Amino acid sequence: MCCRFELSINPKEVGNLYGKNLNIKFQPKKEIFPTDKILCYNGDFYLKTWGIKTDFYKRIIINARSEKISKDGFFDYENRFLIPANGFYEWDINKTKYKIDIGENFSFVAVRSKQSDQLALLTKKSYKNFLKIHDRIPVIVTKNENEAYLNENIKNLKLLIKQNQKNLNIKTISNEQLSFL
């Protein structure tokens, strides 16, 4: 899962992540929340809303299970986006907040709704030391994996996601009580 993330790097670093000059203004932020406009990339840079509002579900959809790629008709899996980040936050069952990174700038893989231009982050089953925090984790992509995650066909994308495991740096931030959990 991922319910908040960080993009606190400068525009040049974002451009370097994708090998392209950043042509959109954005504000680096320590904590980006669902429903925020987020910087994303799929050959060019865009600002899109993180979280999909629907008529059939009361809460916004911020994550999409990668195991269901091509099994539902709600998401547009062919038109993927990369979301630049340098960390993300998660809370365990005891509401302890953690900051997670991989020691370098990275991207999340996102898909959009077929009905709107809003995005949800792809998640997968958790692995390694993240299992103690949550049973789901966002799909994390490094610079040298960007093109494959944007352009592979669905069958190969499923395999890439299944094999995707990063060495995670996990830091306890606080034991603050959260009203939304």
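## Buried tyrosines

A residue counts as buried here when its relative accessible area is under 20%. In this predicted model, Y18 comes in at 9%, so it makes the cut as buried. Y41 does too, with a relative accessibility of 6%.

These two tyrosines belong together. By the ring-pairing rule there are twelve aromatic pairs in the count, and Y18 with Y41 is a stacked one, with 4.5 Å from centre to centre and 15 degrees between the planes. Y18 sits in helix α1 (residues 11-18) while Y41 sits in strand β3 (residues 37-41), so their pairing ties together parts that lie 23 residues apart in sequence.

## The aromatic cluster and two lysines

Which residues form one aromatic cluster? The members are F5, W50, F88, F106, F108 and F130. Going by residue number, F5 falls within strand β1 (residues 4-7) and F88 within strand β7 (residues 87-91), so it's worth keeping that strand pair in mind for the next section.

Lysines turn up over tyrosine rings as well. K97 has its charged end over the ring of Y89, 4.8 Å from the centre. K48 lies over the face of Y46, and there the distance to the ring centre is 5.1 Å.

## The five-stranded sheet

Now for the strands. Five of them make an open sheet, running β2-β1-β7-β8-β13 with antiparallel pairing. The edge spots go to β2 (29-32) and β13 (169-174); each has a single partner strand, so one side of each is left without a neighbour in the sheet. Direction ignored, neighbouring strands in this sheet are turned by 25 degrees against each other on average.

Zoom in on β1 and β7, and you find an antiparallel pairing that spans three bridges. What stands opposite E6 in β7? That spot belongs to G87.

## Cysteines without a disulfide

A disulfide is a covalent bond between the sulfur atoms of two cysteines. How many disulfides does a search of the whole structure find? The tally is zero.

Are C3 and C40 buried or exposed? C3 has a relative accessible area of 12%, so it counts as buried. C40 is buried as well, at 0% relative accessibility. In sequence, C40 falls within the span of β3 (residues 37-41), the strand that holds Y41.

Definitions and conventions. Residues numbered from 1 in each chain as written. Predicted model: local features only at pLDDT ≥ 70, side-chain atom pairs only at ≥ 80, totals over all residues. Heavy atoms only, no water. Pairing = 2+ DSSP bridges. Helix = DSSP H or I, 4+ residues; strand = E, 2+ residues; numbered from the N terminus. Axes fitted to C-alpha atoms, helices over the stretch in contact; angles between N-to-C directions. Disulfide = S-S within 2.5 Å. Buried < 20%, exposed > 50% of the residue type's maximum accessible area, 1.4 Å probe, protein only. Phe/Tyr/Trp six-rings, centres within 6.5 Å; stacked < 30°, edge-to-face > 60°. Lys NZ or Arg CZ within 6 Å of the ring centre and 35° of its normal.
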